[in-house]
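Visitor: I'm new to this one, could you walk me through it?

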Amino acid sequence: MRKRMRTTAVAAVAVALTAALAAPAVAAGPGEDRTGDTGDHKATARAVRAAVEGGVPGVTLRAEDRRGVWTATAGVGNLRTERPRSPHDRYRVGSITKTFVATVLLQLEAEGTLSLDDTVDSWLPGLVTGNGHDGARITLRQLLNHTSGVFDYTADEDFGRTYFLKEGFFEHRYDTLAPEELVRIAMSHKPDFAPGAGWNYSNTNYVLAGLVIEKATGRPYGEEIHRRVITPLHLTGTSVPGTRTGVPGPSSRAYGKLTADGSGPVHDVTRINPSMAFSAGEMISDSKDLGRFYRALLTGRLLPKEQLDEMTDTVAVDDTHGYGLGLMSTELSCGVTVWGHGGGIHGSTSDAVTTRNGRHSLAFNFNGDWTGDPEAVIDAEYCGD
């Protein structure tokens with residue numbers, strides 16, 4: 001079975017198909033290149049419609065290649081008012097945050113502030129310990145490529161019941177959680193394996209990475225992302241919200257089922273305190289910014305060659321996916337390989353990828369977290385008609 005690279009803080013919510021929602025045809029954004037409506041992006045348009053017909057409330061998408069920019073929307077951004085989604089929507093990007101965090105750590109390495117071969121304990125003494133965890137044996141590189149063996153705090157059953165399922169979510173959606181609390185949850189479990197002995201996606205790795213940035217710089221990790229990435233690239237729709245519970249406009253509502261099997265009624269889960277994700281998945285962005293970020297990253301505008309080579313040195317996850325340092329590679333059905341990351345958080349499923357040369361980028365969002373096949377959309381864009 002092909003591993004679903006849905007690196008998300010809501011992994012406890014299983015994907016399940018629901019009754020199809022009526023949806024308008026995919027529409028190109030005003031003022032954008034419309035050739036994709038009937039030509040180069042036909043397969044992508046069909047995949048976007050299929051996602052909505054399969055139960056996703058709405059989709060917003062932006063692709064950019066040598067022919068220009070193409071945007072598409074389908075479905076609705078608000079189930080109550082039936083307001084459509086916008087090509088300019090901002091949305092929670094979940095684990096796409098990890099690429100931003102890895103980029104900052106690699107910049108710090110390039111500057112000589114730290115080494116990826118440093119141990120976690122050398123920066124966060126005594127934090128990673130208990131039940132077999134030992135921060136003195138785990139390197140920063142192993143955090144970034146998920147070979148540390150550190151338990152994923154989002155896999156803790158109590159955490160899942162409290163923050164992902166209906167009964168707990170409505171009571172605790174506005175809780176503020178310190179990152180050290182998230183690490184302590186992970187430390188209450190045994191490691192998945194000895195450091196370097198395997199691969200397993202763990203959100204705890206990137207909570208720790210964010211804390212290392214803060215220790216190394218003396219500033220909040222979000223400030224470093226703003227200073228080093230958001231501001232230089234003029235990412236006007238991108239933010240690190242901290243404890244702010246809303247999504248800045250323009251934006252759509254976000255929807256979830258809040259059940260373990262994806263059944264039951266749909267709930268509006270737009271407002272949450274994203275501190276439950278911290279540097280593993282709290283950021284907000286839009287499709288234009290995500291495309292610009294990954295193009296800049298893969299073409300060397302953010303990292304020297306040595307660090308970019310480190311970032312793209314992947315660990316094999318399965319036959320078609322590899323994981324580098326906060327960056328995933330995916331070999332598509334036609335043999336094309338794209339680089340980027342997927343992410344999800346309550347009510348939001350997002351993906352952003354680009355070719356290695358940065359010439360063909362794609363970013364999109366589903367405003368639902370229980371259904372839809374993002375990889376079908378990616379494959380359609382790069383391998384379609």
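Guide: What follows is a short tour of the disulfide, the sheet, the nonpolar cores and the aromatic rings. This is a predicted model, in which local features need pLDDT of at least 70 and side-chain atom pairs count only at pLDDT 80 or more, while totals for chains, interfaces and linings use all residues. Residues are numbered from 1 along each chain as its sequence is written, and side-chain values use heavy atoms, with hydrogens and water left out.

Visitor: OK, how many disulfides does the structure hold?

Guide: There is one disulfide, a term used here for a pair of cysteine sulfur atoms within 2.5 Å. Its partners are Cys-334 and Cys-383, with their sulfur atoms 2.0 Å apart, and the link is left-handed, with -60° about the S-S bond.

Visitor: And which parts does that pair tie together?

Guide: Cys-334 sits in the loop between β11 (328-331) and β12 (337-345), whereas Cys-383 belongs to helix α12 (residues 374-383), so the pair joins parts that are 49 residues apart in sequence. Helices (H or I, at least four residues) and strands (E, at least two) are DSSP runs, numbered from the N terminus.

Visitor: Are those two cysteines buried or exposed?

Guide: Cys-334 is partly exposed, at 42% relative accessibility, and Cys-383 is partly exposed too, at 21%. Buried means under 20% relative accessible area, exposed over 50% and partly exposed in between, with a 1.4 Å probe and protein chains only.

Visitor: You mentioned strands. In what order do they form the sheet?

Guide: Eight strands make an open, antiparallel sheet in the order β2-β1-β14-β13-β12-β11-β10-β9, where two strands pair if DSSP finds at least two bridges between them. At the edges are β2 (68-75) and β9 (315-316), each of which pairs on one side only. Further in, β10 (residues 321-323) pairs with β11 over three bridges in the antiparallel sense, and His-321 stands opposite Thr-330 in β11.

Visitor: What does α12 lie across?

Guide: Helix α12 lies across β1 (58-65), β10, β12, β13 (348-355) and β14 (361-366), and runs at about 150° to β14. That angle is taken between N-to-C directions, from 0 to 180 degrees, using lines fitted to C-alpha atoms, for helices over the stretch in contact.

Visitor: And where is His-360?

Guide: His-360 is in the loop between β13 and β14, and it counts as buried at 14% relative accessibility. Leaving aside neighbours within four places in sequence, its contacts (heavy atoms within 4.5 Å) include Glu-64, Asp-65, Glu-381 and Tyr-382.

Visitor: Changing topic, which residues touch the most other members of the largest nonpolar core?

Guide: They are Phe-100, Ile-225, Phe-293, Leu-297 and Met-311, in a core of 70 residues. A nonpolar core is a set of buried Ala, Val, Leu, Ile, Met, Phe, Trp, Tyr and Cys residues joined through side-chain atoms within 4.5 Å. Apart from it lies another core, of 23 residues, including Trp-70 and Leu-332.

Visitor: Last thing, how many aromatic pairs are there?

Guide: The count comes to ten aromatic pairs; rings of Phe, Tyr and Trp (its six-membered ring) pair if their centres lie within 6.5 Å, and planes under 30 degrees apart count as stacked, over 60 as edge-to-face and the rest as tilted. For Tyr-153 and Phe-159 the ring centres are 5.2 Å apart and the planes are at 85°, so this pair is edge-to-face, and both residues are buried.
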